[in-house]
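This report looks at a ligand site and at how some helices pack. Please have the sequence and the structure in view while reading.

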Amino acid sequence: MKKILITRRLLKSNEEKVLKIFKANLNSNDELYSQQKLIELSKGCDGILTSITDQINEETINRLPDTIKIISNFAVGFGNIDLQAAKKKDIAITNTPDVLTDATAEIAMLLILGAARRASEGIEYAKNSSWKWSADFLIGKQLTGARLGILGMGRVGRAVAKLAKAFGMIIHYHNRSKLSPELEQGAIYHDSIKSLFSVSDILSINCPATKDTINIINKDSLEYFPTGAIITNSARGDMIEDEAMINALNKKKIYALGLDVYKNEPKLNPGYLNMKNVFILPHIGSATKETRTAMANLAIDNLDEFFKTGNCRNKVN
Ligand code: GLV
């Protein structure tokens, strides 16, 4: 039986499944392992099931025991792992695509609605019982007929497009390449971010964090948006340059911001703390029971497939 290190506690049904297939080092206290501890605990193991909270950088990879042949990341994103260093050491890296698409798209819609309809302010007023109805109280922006720009038209981007259409939004997108009409479903392609941003009443960021997308929302690109645009991010915090965004919100160039992800999680840039027009969640895009269960099952299946066949359909390096 292969032996696996599992760096974070999984849902009970997932841990039961893993123990049927592998010998496993579980983390029942759900402690965040230091690099040193992770390396020590992986001794005698054949693979590791990691989560986005583990920073598997080049040094960590180089210090892992040679018995480790696969790192199965419990996430669709894998920016926490140095893919090239892993490839050099002949360690396969896998992720969990598809199963979290709908849950993440739902959170993207929550961000759009929360930002457009001033949910943060509304919650505060309601809790303080400090409000009085009037015709112009907490007027927000309506989604019907608004242009939604989707940055990154992969699985999640396309699922957001589908939901947003039901709200009557007009879908525009930018992607590394234009999609087939079948995948586009009527969405309008823009071959540059400048072109996309300039028609985005609302932008939903759904692209992966890569060297090309880090800080893609910055002082210069914020100028491309129509004044009063809304920006939401349910992908990775790296894409937004916070100081530029805070400035754009203060200047009312940007009307509102919706974030499920941000730089240096869990430490939010203090510049956002007192802003009424930001609607912020703590990276819960995939946090439903169905989705977290399916993600961990897939991460376990990826290990199993790799050990049985020497390969895995969700290998990303
Ligand atoms: C969540 O952020 C994921 O990448 O799965």
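The sections below describe a predicted model, starting with the ligand and ending with two helix pairs.

## Residues around the ligand

The ligand is surrounded by A75, V76, G77, L100, R236, H283 and M295. Four residues of this shell are nonpolar, two are polar and one is charged.

## Polar contacts and cover

Which residues offer a polar backbone atom to an oxygen atom of the ligand? One is V76, whose polar backbone atom is 2.8 Å from a ligand oxygen. Another is G77, where a polar backbone atom is also 2.8 Å from an oxygen atom of the ligand. H283 takes part through its side chain: a polar atom there lies 2.6 Å from an oxygen atom of the ligand.

On its own, the ligand has 190 Å² of accessible area, and the protein covers 89% of that area.

## Helices α1 and α12

Two packed helices are described by the angle between their axes and by the distance between those axes.

Helix α1 spans residues 12–21, and helix α12 spans residues 289–309. Their axes come within 9 Å and cross at roughly 15°. Angles under 35 degrees count as roughly parallel, so α1 is roughly parallel to α12. The crossing of α1 and α12 is right-handed.

## Helices α5 and α7

Helix α5 covers residues 101–116, and helix α7 covers residues 155–166. The axes of α5 and α7 are 8 Å apart, and the two helices pack at an angle of about 55°. α5 and α7 are therefore oblique to each other. Their crossing is right-handed.

Terms used: Residues numbered from 1 in each chain as written. Predicted model: local features only at pLDDT ≥ 70, side-chain atom pairs only at ≥ 80, totals over all residues. Heavy atoms only, no water. Near = heavy atom within 4 Å. Polar contact = N/O pair within 3.5 Å; in protein donor to acceptor, adjacent residues only side chain to side chain. Areas by Shrake-Rupley, 256 points an atom, 1.4 Å probe, with all protein chains shown as cover. Nonpolar A, V, L, I, M, F, W, Y, C, P; charged D, E, K, R; others polar. Axes fitted to C-alpha atoms, helices over the stretch in contact; angles between N-to-C directions. Helix = DSSP H or I, 4+ residues; strand = E, 2+ residues; numbered from the N terminus. Parallel < 35°, antiparallel > 145°, perpendicular 65-115°, else oblique. Left-handed = near helix turned anticlockwise from the far one by under 90°.
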